[in-house]
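Open the model in your viewer and keep the selection panel at hand. We will go from stop to stop, with a word on what to pick and what to look for.

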Amino acid sequence: MVSLAATFGRGAMTNHWRDIRHADLILINGANPAEAHPVGFQWMMRAKLDRGAKMIHADPRFTRTSAVADKYLRIRTGTDVAYFGGLINHVLRNNLYHDEYVRMATNAAFVVAEGYSFDEGMFNGFDPQRKTYNAAEWAYETGPDGFVVLDIDHPRSVLNLMRAHYNRYTPEMVERITGIPRTDFEEVAKLVGETGKPDKVMTIVYAVGLTHHTTGVQLIRSGALLQLLLGNMGRPGGGMNAERGHANIQGNTDHAISWDILPGYLRIPAPGQQNIDDYLARSASKKLRPNSLNFFGENYRKFLVSLLKTWYGESARADNDFAFHHLPKPAADASWLSIFDAALRGRMEGLMLSGMTATSIGPDSNQVLQALSNLKWLCVMDSYATTSSEFWRAPGIEPSNVQTEVLLLPATHWIEKDGSFTNSGRWVQWKEQVLPPEGEARHDHWMLAEAFMRVRTLYERDGGTYPSPVLQLTMPYRDPRRPELDEIAQEINGRDLGTGQRLATFAALKDDGTTTSGDWIYCGHYPESGNLAKRRDGIQDPARNDPTGMGFYPNWAWSWPLNRRVLYNRASADPAGKPWDPTRPGIAWDGAKWTGDVPDYPATANPADQASPLPFIMTSEGMGRLFSNGVADGPFPEHYEPVESPVDNPLHPHQSATPVAHIYLPDRFGSRREFPYVATSYRLTEHEHYVTQHVDQLVALQPEAFVEVPAELAREKGIATGDAVRVSSKRGKLEVRAVVTSRLGPLTIDGKKVYQIGIPIHWGFVGINTGQHWLANALTPFVGDASSRTPEFKAFLVNIEKL
Amino acid sequence: MFMDVSRRHFLQLGAVGVTPLGFDLAEATKVKQRLRIEGATVSRTICPYCAVGCALLAYTKKASDGHVELLQIEGDPDSPVNEGRLCPKGASALQLAISRRRVESPMYRAPGATEWAKVSWDFALDKLASNIKASRDRTFVTTDGNGNVVNRCEGIAFAGGAAFSSEEGYLATKLMRGLGLIYLEQQARV
């Protein structure tokens, strides 16, 4: 999500599932939607069957997605920057980009400040001591008016720097890095290049096959750059479509169960930010062009103050900076890897896990088990026993040696409570409570609220360290120990404290403490008229429910922001407001207002008016960012090898991996001599991570752990399907059966034969099938992306032996 | 001739009357549904697995003793997302909902113990609250080495939420930040 926010201004799938049917070309990378999102995949098939769209699948494995694709490219895992880079080079070199769109909607013409450099794999601004870049050094040239200088022909224009950066990504180089034969690549490049025309649209679909790398953010940004160049952002059938893998990962990212943000993607303050002014100076973007709307930056204070007012009520006043001092200010990264690193170092006392099992899901499971053993206490809230609740008696662990105190609290299921799920496409869909809680099970939020209220009572009774925020946090629910989700939904929406009315839009939020909103991007989903996420005007009556015929179904649920179905849709129309393709309109200017989808733009801003805002309203540029300093590892994406790789980087062998990967010491990386094969992990259709080990029908369909081994490697090793094999990395091993397959073939990488081994993730030591105690993540490396700190689950080195 | 009839066409034929098989499929379907879900309450929910967000219809009946029985879960044919379709996981959602494998009561495992002990909610929540308070008091930093007010709890982490309702997730964030937590994570990264 970091990468889309750094490029377009918001971190979310830009279009929605049904919209994919409008595409002419579907580029699928780092995803296997036919198996991992089968029902969403129907919209790709509709595009193919109904409008003859072409589907290109680049993946290490030939999957069911590849089976129906028009072209399958076997790619080495983690090298998609080179693949997209080659496509970008093809588009730039042959001037196939959508020129009018690029000028209207991207920062191609922005002049970059002197000092920018890229040499032998290193950008300017590197601090060798701290092993980080100072991204502020990737700046624009500013004119006497204080705004960025525009000159698309300047040698340091973004477009020209981009040409220089990408001219190294020739088809030969793409082949050397990715293993995709040059002729296959060129065939795909030709198809992609054709979508730079106004009447053609390409979509890019991806999932965690792009995010789970030390270069994950740049893998995604590469696709985003290609989409901007081809004019495919903001348009129906276009976009960057991130397929989220859990029912409500989107909603709970929006609501900031993430160390680095507050609800609505406000940044968590840093220690040096001692008041709201300091905080805004570092967090809220400033406009870089006179008619950049810079909506987020300009309104940041309103969103923050409304949040503080929601959380601290009467204790948040103008004269105490709205209790800004109550917000915790982390000194350093506090994401997943850092939680377990702190535990390994004995600095973490307690961990609460809810519907998520650390033992199975994090990288380097053996180290995670050690980390859990180091805790004073662990509280697992779940419907089923998990590999975390049972970690103290995991195979190989002697329970009497584990001093961690463990609680397992029975939680209700999704079907035993109401509330909303936000899907990948940002549709907030309310669900009804179908069943009463089973037995003694309680809702997660009741457990948390009750625990919090008991902590409050302890502080009231005994005092303690800095009790004020615990005592002052608002709990304005009929029963603070058992809040209703409907009450919380209203709190998230927010209200005008003067009138007491719920707000219909975040445009009404104020920075003076007279409004509340728990998450500004959800403001408007629950206005006075009721909860719009409950709406169900669906496809049985398309004439009434889909007035544009574009499949927006505006009265089915509600999507953030403001029920907009396609983000950045101003860019779906030309400078005059006419849709680039009238057969697939997003929004259109009718002479007085914008019509169609809910405009991502002021509703009555006349495109003929020179003063009207630039198209990307969320960025300080007003434009989509081809060049961006919103990422930690470079303003343009660059191919770096995974931290464990079978080859040196053909582009710059002395800077093979990214210099800014988030490494924890001592590292546990293996060498290519000991571990000669590339491995990648993935899901199967029949399982959802680990919880489905408790579902009889699904366990019956996929009963046993296995690894997929390429046929040629299997012949070399004398391995047949069904044989027991040991797969090992520097960190651990699996002993499971082999499935010998031609789905994984050998690749030629920089002249060297490279094999990839496939590892489904779903098994552990808890579930219906006992004895399946192999954790796939025992193999994966404990290292994170520089910007997002996402671990490198998808590319690492292993060895394989027949047992 | 039958082999050339697509499934969709087949169903359409069924809808107007007699199918190529020679019987009225619509009637047959109706009878089956009558047996299964006649008089049932229909509720709208959403699939708990991936993030496509398939809409589900859940059929329940309340017995005279108050027990609510879940009879059937199927795709909602009115949804613009799934149009009634489900994958193997969604189609077996009933087995996730109703299971003999659920955790039955709060469980406690003391340091070094080799077995779980069944405990009351009151015991479990008191234990959790006192652990939170003790760890918070021990690891809370009000001012850092540079004199900055930071008000953070460094010794407790919370992770979870990808299966929460959004409103639960929001409350979790609010409560954890209220306690001063900085280590917060869900499944966006892992």
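## Stop 1: a link between chains

Select A:Glu349 to begin: this residue is buried, at a relative accessible area of 11%. Buried here means under 20% relative accessible area, exposed means over 50%, and partly exposed lies in between (1.4 Å probe, protein chains only). Before going further, note that this is a predicted model, in which local features need pLDDT of at least 70, side-chain atom pairs count only at pLDDT 80 or more, and totals for chains, interfaces and linings use all residues. Residues are numbered from 1 along each chain as its sequence is written, chains are lettered from A and ligands numbered from 1 in the order in which they are written, and side-chain values use heavy atoms, with hydrogens and water left out.

Now add B:Arg138 to the selection. Its side chain forms a salt bridge with that of A:Glu349, at 2.8 Å from N to O; the term stands for a side-chain nitrogen of Lys or Arg within 4 Å of a carboxyl oxygen of Asp or Glu. A:Glu349 sits in the loop between α15 and β12 (350–354) of chain A, and B:Arg138 in helix α5 (residues 121–139) of chain B, so the pair joins two chains. Helices (H or I, at least four residues) and strands (E, at least two) are DSSP runs, numbered from the N terminus.

Next, pick A:Lys376, in the loop between α17 (365–374) and β13 (377–382) of chain A. What does A:Lys376 contact, leaving aside its neighbours within four places in sequence? The contacts (heavy atoms within 4.5 Å) are A:Glu349, A:Gln403, A:Thr404, A:Glu405 and B:Arg138. A:Lys376 is partly exposed, with 44% relative accessibility. For a distance check, draw a line from its C-alpha to that of A:Val402: the two are 9.8 Å apart in space and 26 residues apart in sequence.

## Stop 2: along α5 of chain B

Stay in helix α5 of chain B and select B:Asp137 with B:Lys133. Their side chains meet in a salt bridge of 2.7 Å, N to O. The two are four residues apart in this helix, which means a separation of about one helical turn. An α-helix has 3.6 residues a turn, so residues three or four places apart point the same way. B:Lys133 counts as buried at 10% relative accessibility, whereas B:Asp137 is partly exposed at 23%.

A network comes next: select A:Glu450, A:Arg454, A:Arg481, B:Asp122 and B:Asp126, which salt bridges with shared partners join into one.

Zoom out to chain B as a whole. Which elements does chain B hold? The answer is six helices and eight strands, in the order α-α-β-β-β-α-α-β-β-α-β-β-α-β from the N terminus on. Of the 190 residues in chain B, 55% are buried.

## Stop 3: helix α18 of chain A

Select residues 444–462 of chain A, which form helix α18. This helix has 19 residues and spans 27 Å from first to last C-alpha, close to the 27 Å expected at 1.5 Å a residue; the expected span is 1.5 Å times one less than the number of residues. Colour by accessibility and α18(A) appears mostly covered, with 15 of its 19 residues buried. After the helix comes A:Gly463, with a positive phi near 70 degrees.

## Stop 4: α15 and α17

Go to A:Asp341 in helix α15 (residues 336–344) of chain A. Is A:Asp341 buried or exposed? A:Asp341 is buried, at a relative accessible area of 12%. Not counting residues up to four places away in sequence, A:Asp341 touches A:Tyr664 and A:Phe782.

A:Phe782 comes up again from A:Gln367, which also contacts A:Leu344 and A:Arg668, leaving aside neighbours within four places in sequence. A:Gln367 belongs to helix α17 of chain A and counts as buried at 15% relative accessibility. Its C-alpha lies 9.5 Å from that of A:Gly732, although 365 residues separate the two in sequence.

## Stop 5: one more pair

Last, select A:Lys48 and A:Asp70, a salt bridge whose closest N and O atoms are 3.3 Å apart. A:Lys48 is in helix α3 (residues 38–51) of chain A and A:Asp70 in the loop between α4 (64–68) and β3 (71–74), so the pair ties together parts 22 residues apart in sequence. Over all chains, the structure holds 58 salt bridges.
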